[in-house]
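Hello,

Here is the structure I promised to hand over. Please have a look at it first, and then read my notes underneath.

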Amino acid sequence: MEAAGLTTVTLSSIPEFTSSVGAPRVAAIQYPQGRPFGQPGDADGQRNVLRAALGVLEQLDRPGGVVDLPFEWPEPPSQVRWHPPEQPPIAKLLKRKPWLYKKFVDGDIPD
Amino acid sequence: MSKKVDSYRYVGYFTRKLIKAWIARESPHEIPWTPLAKPLADSTVALVSTAAVALTSDRPFDQEGERRDPWWGDPSYRVIPNSATEREVSIYHLHVDPSHAEQDLNCAFPLARLQELARDGVVGESAPSHYSYMGYILRPRVLLEESTPAMIERMKAEQVDVVLLVPF
């Protein structure tokens with residue numbers, strides 16, 4: 001997208017990974033998976049995160065920059081639930097056939 | 001200066017190890033760059049979410065295909081109009097609990113919040129179209145060679161300046 005002339009920013013809760021794959025600008029946020037802008041019904045909180053993420057566009061002037069946003073999630077990790085109700089298919093497969101785990105980690109993906 | 005974000009605060013041991021291994025495999029990238037051409041307050045903004053959001057009236061993302069072949073993820077994308085709310089969309093993601101975003105789409109795909117920022121003059125406009133694909137893609141060829149160029153083409157046609165990408 002960036003190469004096609006669009007200016008991008010990625011709001012990421014795993015900024016180490018997002019940066020490693022070459023994202024031009026990263027707005028890092030320490031929120032759990034599934035709710036990158038905040039809790040349901042918290043319009044003010046969501047708007048603040050959105051404004052801050054877009055604000056990063058005016059703060060970074062070179063490729064590969066990361067800005068850590070100052071938002072704090074109200075619950076400790078032990079209380080946060082973000083896993084889906086059904087275990088993902090890949091997790092079920094690797095439980096049945098643990099020797100395939102190495103392929104998953106190595107990116108050696110079967111056709 | 002804010003505290004540095006801990007990338008692994010909410011992920012378990014297994015996911016942390018996996019992500020670290022994937023990061024270790026990456027080599028330095030030539031990072032593409034388009035400077036902000038005009039102030040944010042004059043820019044048209046589009047959102048892209050990996051939450052696999054689709055209008056309920058549109059084709060669902062293929063979850064059965066992934067259940068049959070867990071190495072595969074649906075690499076297509078959907079267009080979501082600016083006016084969409086949680087009442088008109090479904091979320092088809094097998095790796096993250098969709099219930100919060102089903103309750104309030106703005107948790108993950110803040111179309112209503114973006115329109116408010118446009119009304120308040122923080123951004124120029126919210127684009128007519130926004131986009132979603134499903135973020136679990138281990139074989140990215142179709143996503144990179146077909147879905148992404150098609151999204152870009154539509155963004156260009158709608159004079160988008162700025163794209164906010166949001167992993168789910």
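Below are some notes on one helix and on the interface between two chains.

This is a predicted model, in which local features need pLDDT of at least 70, side-chain atom pairs count only at pLDDT 80 or more, and totals for chains, interfaces and linings use all residues. Residues are numbered from 1 along each chain as its sequence is written, chains are lettered from A and ligands numbered from 1 in the order in which they are written, and side-chain values use heavy atoms, with hydrogens and water left out.

Let's start with helix 1 of chain B, residues 13-25 (helices are DSSP runs of H or I, at least four residues, and strands are runs of E, at least two, numbered from the N terminus). Its buried residues are L18(B), I19(B), W22(B) and I23(B) (buried is under 20% relative accessible area, exposed over 50%, partly exposed in between, with a 1.4 Å probe and protein chains only). They lie on the same side of the helix, because they cover an arc of only 135 degrees around its axis (taken from the directions from the axis to the C-beta atoms). On the other side, Y13(B) and A24(B) are exposed. Helix 1 (15-20) and helix 4 (101-106) of chain A are included in what covers the buried residues.

Now the interface: 70 residues of chain B and 82 residues of chain A take part in the contact (heavy atoms within 4.5 Å). Between these chains there are three salt bridges (a side-chain nitrogen of Lys or Arg within 4 Å of a carboxyl oxygen of Asp or Glu). R47(A) and E116(B) meet in a salt bridge at 2.7 Å, N to O.

Best wishes

Definitions and conventions:
Expected span 1.5 Å × (residues − 1).
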